[in-house]
Amino acid sequence: MTAHRPIARSVFPPATLARMAELYPLHGGLLHHDLPDHPLLTIDALAQLGEALPASEVEYNPGNVPIGIRPEDIPSNGLSIGETIRTIDSNGSWAVLKNIENVPTYRALLMDLLGELEPVVVPRTGAMVTPQGFIFISSPGSITPYHFDPEHNILLQLRGTKVMNVWPSGDGRFAAQDEHERYHTGGHRNLPWDDRFEGAQQKVALAPGDAVLMPVMAPHYVANGDAPSISLSITWRSEWSYRESEAHVANAMLRRFGLNPAMPPRWPSYARGKTLAWRAARKLGLVE
């Protein structure tokens, strides 16, 4: 596999770090990057990576799916992951390579990038833990359905264009409390879609050199442009994000006992009681 090539200059310019300091961790927005063409991120290198990853770490399907499709309704594209990536220009597909940090060369690239963000991140949400990387390869016009994710995330656009449609985190109009509880107790990331959601989102248009900061659990869908796209998503967790997840799991547990707990507040330090109770119950073996 291609060796990691150290990046000779900073990828995130000072203006991007200053903008991120204004937004992070609660708000999404447009950023910029200077990641040069990299041998690990070519189509051929990504096809080889996809073929080397375990089946559980790749996901791919036709790109012309509805915004609100249910996970069980997503069809196969009839190709292998290597074929999907190598012919992405014309096969009408969408693919993601997950947890690339488990491959040493890609982990080195990921950690180089995350290291530049530490001066912004650590004073606000503490240590950057559970670093993960995801690479998205999309055909022209493909759609990534409406969903949310538990990580702090910056997505770097490397090739092609796309529009990130992002709704506010923690707003029950766009992702109800029971959807959070379902997800954090093992459910799929995809969310129910309602056409009435359109118009309430932030639309972030991305071209090569652009990036987007995505808040934890912000509902979003992605519409690819008229050319093939490659995007690199660099993610991390924090004590804050884990507390939020555990507060939702605690709520789900309370609901099973017939209670109706309130939605955890957006800044999870205020949910400390629930998260500590959940951790104690798990340690004592009272819950799985």
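This is a short selection-by-selection tour of a predicted model.

**Whole chain**

Start with everything shown as a cartoon. You should find seven helices and 11 strands in the protein chain. Colour by burial next: buried residues account for 53% of the 288 residues. If you switch on a surface, its accessible area is about 12,700 Å², and carbon and sulfur atoms own 56% of that. Now for contacts. Taking those between residues at least 6 apart in sequence, 85% link residues at least 24 apart.

**Strand β7 and its neighbours**

Select 162-166, which is strand β7. Is β7 mostly covered or mostly uncovered? Mostly covered, with four of its five residues buried. Add 202-206 to the selection and you have β8, antiparallel to β7 and joined to it by five bridges. Then add 220-224, which is β10; this strand also runs antiparallel to β7, again with five bridges.

Lys-162 is a handy place to zoom in, as you can follow its bridges into both partners. In β8 its bridge partner is Leu-206, while in β10 the partner is Asn-224.

**Helix α5**

Move on to 177-184, helix α5, where six of the eight residues are buried. Show side chains for Gln-177, Glu-179, His-180, Glu-181, Tyr-183 and His-184, and you have the buried set. What do these buried residues pack against? Bring up 239-256: that is α6, and the buried residues of α5 pack against it. Before leaving, click on Gly-186, which follows α5 and has a positive phi, near 110 degrees.

**Two cavities**

Last stop: the enclosed spaces. The structure holds two cavities of 30 Å³ or more.

For the largest, at about 50 Å³, select Glu-59, Asn-61, Ile-74, Trp-94, Thr-144, Pro-145, His-147, Arg-189 and Asn-190 as the lining. The elements that give two or more residues here are β2 (58-62) and β5 (143-147). β5 supplies the largest share, three residues. Colour the lining by type and you get three nonpolar, four polar and two charged residues.

The second largest cavity has a volume of about 40 Å³. Its lining is Asp-149, Glu-151, Asn-153, Met-214, Pro-215, Met-217, Ala-218 and His-220. How do these lining residues divide into nonpolar, polar and charged? Four are nonpolar, two polar and two charged.

Definitions and conventions
Residues numbered from 1 in each chain as written. Predicted model: local features only at pLDDT ≥ 70, side-chain atom pairs only at ≥ 80, totals over all residues. Heavy atoms only, no water. Buried < 20%, exposed > 50% of the residue type's maximum accessible area, 1.4 Å probe, protein only. Pairing = 2+ DSSP bridges. Contact = heavy atoms within 4.5 Å. Areas by Shrake-Rupley, 256 points an atom, 1.4 Å probe, with all protein chains shown as cover. 1 Å grid on protein atoms, 1.4 Å probe; cavity = no way out; pocket = protein on both sides within 12 Å on 5 of 7 lines; lining within 4 Å. Points joined across faces, edges and corners; volume = space filled by probe spheres on them. Nonpolar A, V, L, I, M, F, W, Y, C, P; charged D, E, K, R; others polar.
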